[in-house]
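Student: Got a minute to go through a structure with me? I'd like to talk it over piece by piece.

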Amino acid sequence: MGCETKWELAVIDMSSEEMKAGSEAWISGCKTVRKAFEDEGGFVALYDKPGGEQLGDSFYSSMKQLFELPLESKQRETTDKPIIPYARGHPDIPLYETLAIYNPISKQHCEHYANVMWPQGNPTFCENVNSYAKQLVELDNMVKRMLFESFGVEKNKYEELMESMEYVVRGYKYRAPEREKGEGNLGLPPHSDPSFITILNQKIDGLEVRLKNGEWAHVSASHNLFFVMCGHAMKVWSNDRLRACHHRVFVNSKVDRYSMGLMTYINKVIEPEETLVDEEHPLRFKPFDHYGYLRYFHTPEAIAKLPRRIYAYCGI
Ligand SMILES: O=C(O)CCC(=O)C(=O)O
Ligand SMILES: [Fe+2]
């Protein structure tokens, strides 16, 4: 399934020594990030931090332990935020299972989550999730800063918006399809995310991204490769100048596929950035309540509006 296209997506070395704010590499990185978000809605970040491979391995071993818990545990309530905390068994996507941890950069929130799942607690789980999420949030913050800079938006506006950012880390498990029973290998159909930004990593490949020309590009799996993509909230912030990335997942392997995502949501009502509204780009969206949008996102009314949910929710 899929296509043979490789590396048609922009690849940016985000962990290189030269990638410091204001440097030549940074300035050229800002342009590449913006162009990638305008064209495909995302890019591949090479992010190779010391100890990163070990952090990734520990994170995935904790995720595996979490998915192995009984269904009754995984279905317990862990947050009152309108994120889907646990999902599996949808008839259209029988291979897919996901669990979400709200605010993983807080040790306290990780502990709360672990205590709900394991009444005796699980300090190793907390440490693994917390450390990995913190490293990814550094990458996330760099990308956001580069995007703001690429549009020449003032630093204080970036800082103000960053204060309202909330993070969710998601683990995914896709069981291998039962091919002998004729089961297909679609993990997740084409979609774009309701987040501000999503950063994905794959333990096993299967992620494909739709290019501007309509073809699908594979994204390779590695501990140091992260696919960074624009979600609906960033599309709104940019006044429709950036594209929410279309992506899908196949399970090509004979083993279960694990992947993870770090998503950001904005805990306040935002409006399109005023400097991105002009004669050529008239205002495209009304004030946008991100958590309100998440509540709306899976309603039958919203599903009926696919693939234009965001315009149905707050378009002008
Ligand atoms: O499993 C993956 O690699 C991607 C998951 C995804 O796109 C999503 O849940 O929105
Ligand atoms: Fe997605």
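What follows is a run of questions and answers on this predicted model.

Student: Let's start with the record. Which residues does UniProt give for the feature "domain: Fe2OG dioxygenase"?

Tutor: That label comes from an unreviewed UniProt entry. In the model, the stretch is 6% helix and 47% strand, and its end C-alpha atoms are 9 Å apart. The entry places the feature at residues 165–268.

Student: And the ligand? Which strands each supply at least two residues of the shell around ligand 1?

Tutor: Start from the residues around ligand 1: Y172, L188, D193, L200, Q202, L207, H247, V249, S259 and G261. Now set them against the strand ranges, which are 197–202 for strand 7, 247–250 for strand 11 and 257–266 for strand 12. L200 and Q202, H247 and V249, and S259 and G261 are among the shell residues. The strands you want are strand 7, strand 11 and strand 12.

Student: How many residues of that shell are nonpolar, polar and charged?

Tutor: The list around ligand 1 includes Y172, L188 and D193, so it's worth sorting by class, with Tyr counted as nonpolar and Gly as polar. On that scheme the shell has 5 nonpolar, 4 polar and 1 charged residues.

Student: Strand 11 makes me curious about its sheet. What is the strand order in the open sheet of 4 strands?

Tutor: Pairing in this sheet is antiparallel. Strand 6 (186–191) and strand 9 (216–218) stand at the edges with a single partner strand each, so one side of each has no neighbour in the sheet. From one strand to the next the twist averages 25°. Reading across, the order is 6-11-8-9.

Student: Which residue in strand 11 is the bridge partner of L188?

Tutor: Strand 6 and strand 11 run antiparallel and are joined by 3 bridges. L188 also turns up in the shell around ligand 1. Its bridge partner in strand 11 is V249.

Student: And which residue in strand 11 does E208 stand opposite?

Tutor: Strand 8 covers residues 207–210 and pairs with strand 11 in the antiparallel sense, over 3 bridges. Opposite E208, in strand 11, is R248.

Student: On to the other sheet. What is the order of the open sheet of 8 strands?

Tutor: This one has mixed pairing. Its edge strands are strand 1 (11–13) and strand 3 (86–88), each pairing on one side only. The twist averages 20° from one strand to the next. The order is 1-2-10-7-12-5-4-3.

Student: Within it, what is the bridge partner of V169 in strand 12?

Tutor: Strand 5 spans residues 165–174. Strand 5 and strand 12 pair in the antiparallel sense over 10 bridges. The strand 12 partner of V169 is L262.

Student: Now helices. What is the handedness of the crossing of helix 4 and helix 5?

Tutor: Helix 4 (residues 107–117) packs on helix 5 (residues 123–150) at about 135°, with axes 9 Å apart. That makes the pair oblique. Their crossing is right-handed.

Student: What about helix 2 passing helix 5: left-handed or right-handed?

Tutor: Helix 2 (residues 52–67) and helix 5 pack at an angle of about 130°, and their axes are 9 Å apart. They are therefore oblique to each other. The crossing, though, is left-handed.

Student: Any backbone quirks? Where is P307, the residue that follows L306 in a cis peptide bond?

Tutor: The L306 to P307 bond has omega near 0°, hence cis. P307 lies in the loop between helix 9 (300–303) and helix 10 (309–314).

Student: Last one. What is the phi of N239?

Tutor: N239 is found in the loop between helix 7 (232–237) and strand 11. N239 is not a glycine, yet its phi is positive, at about 55°.

Terms used. Residues are numbered from 1 along each chain as its sequence is written. Chains are lettered from A and ligands numbered from 1 in the order in which they are written. This is a predicted model: local features need pLDDT of at least 70, side-chain atom pairs count only at pLDDT 80 or more; totals for chains, interfaces and linings use all residues. A residue is near a molecule or strand if its C-beta atom, placed from the backbone, lies within 6 Å of it. Two strands pair if DSSP finds at least two bridges between them. Axes are lines fitted to C-alpha atoms, for helices over the stretch in contact, and angles run from 0 to 180 degrees between N-to-C directions. UniProt positions are given in the numbering used here, feature names are shortened, and annotations may be inferred rather than shown by experiment. Angles under 35 degrees count as roughly parallel, over 145 as roughly antiparallel, 65 to 115 as roughly perpendicular and the rest as oblique. A crossing is left-handed if the near helix is turned anticlockwise from the far one by less than a right angle, and right-handed if clockwise.
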